[in-house]
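Me: I am new to this structure and keep meeting labels such as buried, pocket and edge-to-face. Can we go through them one at a time?

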Amino acid sequence: MSDFFTEMPAIPEPVPEISEEDKRFNEIAELSKNGYLLLKDNCCDEAENAFRKILALDENNNYALVGLGDAERKKENYGQAVDYYSRCLRFHPGNNYALFGLADCYKALGMYNKAIEIWQQYLEHDDKNITVLTRVADAYRKIRDFKHSKILYLRVLDMEEDNPYALIGLGHLHYDFKEYRDALYYWQKMLERTGQQVDIRVLTSIGNCHRKLKTYERGIYYFQQALQMDANNFYALFGMADCYRGLNMQEKSVEYWNRILEIDPENKVILTRAGDAYRNMGDFTRAEQYYQRALDIEFDVYAVLGIAMINKKRGKYEEAIKSLSQLMQSDPRNYRLYLELADCHLALKNRQMAIDTLLRFQRFGIRNQPVSEMLHKLQAQI
């Protein structure tokens, strides 16, 4: 009896029939899963196909709309991404993923006020999200709202001591507002945090703080460290050249200007800087060559000024006056042009013309100590 029952096959239980609604739900779930996996692998076109299939089943599906927004954002098609995220939010208000993506798009488009507005909506649902807080702080920094930017960066540091994004942001914030000592404090903290794994940008940022503070020797130390990591780093080479320029070590300065020009021979700014260095070294022939190379690219105020200064040094005052007068038409508030032009008139014994030149600058209502001192000295000699 027992053997009989043991050998009897089990009677299968009836399989419940899956409803059309469940089938549709399962298909959407599978397509959504595959779509986001494809996005993760940067297969944006294939991911979009999966998300569009979802919309064919559910025309306002939040996963599909956010997924399509993410795909367009990855491809840097920010306008189209904005459309998808906005559509999602119309039907699913408060969707965090859509809010995050939309704010990120506005940031990429340089629409920082709109980005802040959207991120603030996000923070109403999740006010402890460090990533969002730092992004809002970054956006405030971009619109030069020092107060709100600093408050949010410091709030992040209260939540997570030595958060790298907050430290970097605070460094940039203070640097942008010319508070170089405070910027240096945060960059140094970043350096202490990273230790041996330091990012080269931290080294060049610290170097730039010292460059702005005119502590050139200390700046050179950090730029040298950066060059050990990347011998062709533009910011480190520029920093070295500018620090040596500040120390009036023109031979060392021009060495680094030329290293930049080996990499980027058409860099007009560097050509004029190198020309200035050669001019200050008394090598007028080579200086002229560099200024001319800059002018061959396009008109440059500093290259023309450099040539005028060389003509002045050579005693060719009429040529220098002609160049300086032309420059004033394109840069009428540049006090240096008036000082040099007045000096040329004095060399030609035209004291009144020198005075008139300086008075012309003062009519702009700009207070400038070198101009005022020179004018006062000339007027006192009349």
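Reply: Start with the lining of the second largest pocket. This is a predicted model. By class, that lining holds 8 nonpolar, 5 polar and 7 charged residues.

Me: How many residues line the second largest pocket, and which are the closest to its centre?

Reply: There are 20 lining residues. The closest to the centre are Arg 245, Arg 273, Asp 276, Tyr 302 and Arg 336. The pocket holds about 380 Å³ of space.

Me: What makes Arg 245 and Asp 276 count as charged, and Tyr 302 as nonpolar?

Reply: The class goes by residue type. Asp, Glu, Lys and Arg count as charged, and Tyr is listed with the nonpolar types.

Me: Which element gives the most to the lining of the second largest pocket?

Reply: Helix α16 does, with 8 residues.

Me: Lys 268 lies in α16. Why is Lys 268 called buried or exposed?

Reply: Its relative accessibility is 17%. Buried means under 20%. The value falls under that cut-off, so Lys 268 counts as buried.

Me: What does Lys 268 touch, leaving out residues up to four places away in sequence?

Reply: Lys 268 touches Ala 294, Ile 297, Glu 298, Phe 299 and Asp 300. Touching here means heavy atoms within 4.5 Å.

Me: Now the largest pocket. How much space lies in it?

Reply: About 490 Å³. It has 17 lining residues, and those closest to its centre are His 172, Trp 187, Arg 201, Thr 204 and Ser 205. Two or more lining residues come from each of α10 (164-176), α11 (180-194), α12 (200-213) and α14 (234-246). The largest share, 7 residues, comes from α12. By class, the lining has 8 nonpolar, 6 polar and 3 charged residues.

Me: Asp 182 lies in helix α11. Why is Asp 182 called partly exposed?

Reply: Its relative accessible area is 39%. Buried needs under 20%, and exposed needs over 50%. The value meets neither cut-off, so Asp 182 is partly exposed. The C-alpha atoms of Asp 182 and Gly 171 are separated by 7.4 Å, though the two are 11 residues apart along the chain.

Me: What about the loop between α10 and α11?

Reply: Lys 178 is found there. Lys 178 has a positive phi of about 65° although it is not a glycine.

Me: How do you know whether Lys 178 is buried or exposed?

Reply: Look at its relative accessibility, 61%. Exposed means over 50%. The value passes that mark, so Lys 178 counts as exposed.

Me: And Lys 349, in the loop between α20 and α21 (351-362)?

Reply: Lys 349 also has a positive phi of about 65° without being a glycine. Its relative accessibility is 74%. That is over 50%, so Lys 349 counts as exposed.

Me: How many aromatic pairs are there?

Reply: The count comes to 13.

Me: Why is the pair of Tyr 36 and Phe 51 given its name?

Reply: Two values decide. The ring centres lie 5.0 Å apart, and the planes stand at 65°. A pair needs centres within 6.5 Å, and edge-to-face needs planes over 60 degrees apart. Both conditions hold, so the pair is edge-to-face. Tyr 36 sits in helix α2 (residues 20-40) and Phe 51 in helix α3 (residues 44-57).

Me: Which of those two rings belongs to a buried residue?

Reply: Phe 51 counts as buried, at 0% relative accessibility. Tyr 36 has 29%, so it counts as partly exposed.

Me: What makes Phe 234 and Tyr 235 a pair?

Reply: Their ring centres are 5.5 Å apart, which is within 6.5 Å. The planes stand at 90°, over the 60 degree mark, so this pair is edge-to-face. Ring pairs link Phe 234, Tyr 235, Phe 238 and Trp 257 into a cluster.

Me: Where else does Trp 257 turn up?

Reply: In the largest nonpolar core, which has 90 residues. Trp 257 is among those with the most contacts inside it, together with Trp 119 and Val 136.

Note on methods:
Residues numbered from 1 in each chain as written. Predicted model: local features only at pLDDT ≥ 70, side-chain atom pairs only at ≥ 80, totals over all residues. Heavy atoms only, no water. 1 Å grid on protein atoms, 1.4 Å probe; cavity = no way out; pocket = protein on both sides within 12 Å on 5 of 7 lines; lining within 4 Å. Points joined across faces, edges and corners; volume = space filled by probe spheres on them. Helix = DSSP H or I, 4+ residues; strand = E, 2+ residues; numbered from the N terminus. Core = buried A, V, L, I, M, F, W, Y, C linked by side-chain atoms within 4.5 Å. Buried < 20%, exposed > 50% of the residue type's maximum accessible area, 1.4 Å probe, protein only. Phe/Tyr/Trp six-rings, centres within 6.5 Å; stacked < 30°, edge-to-face > 60°.
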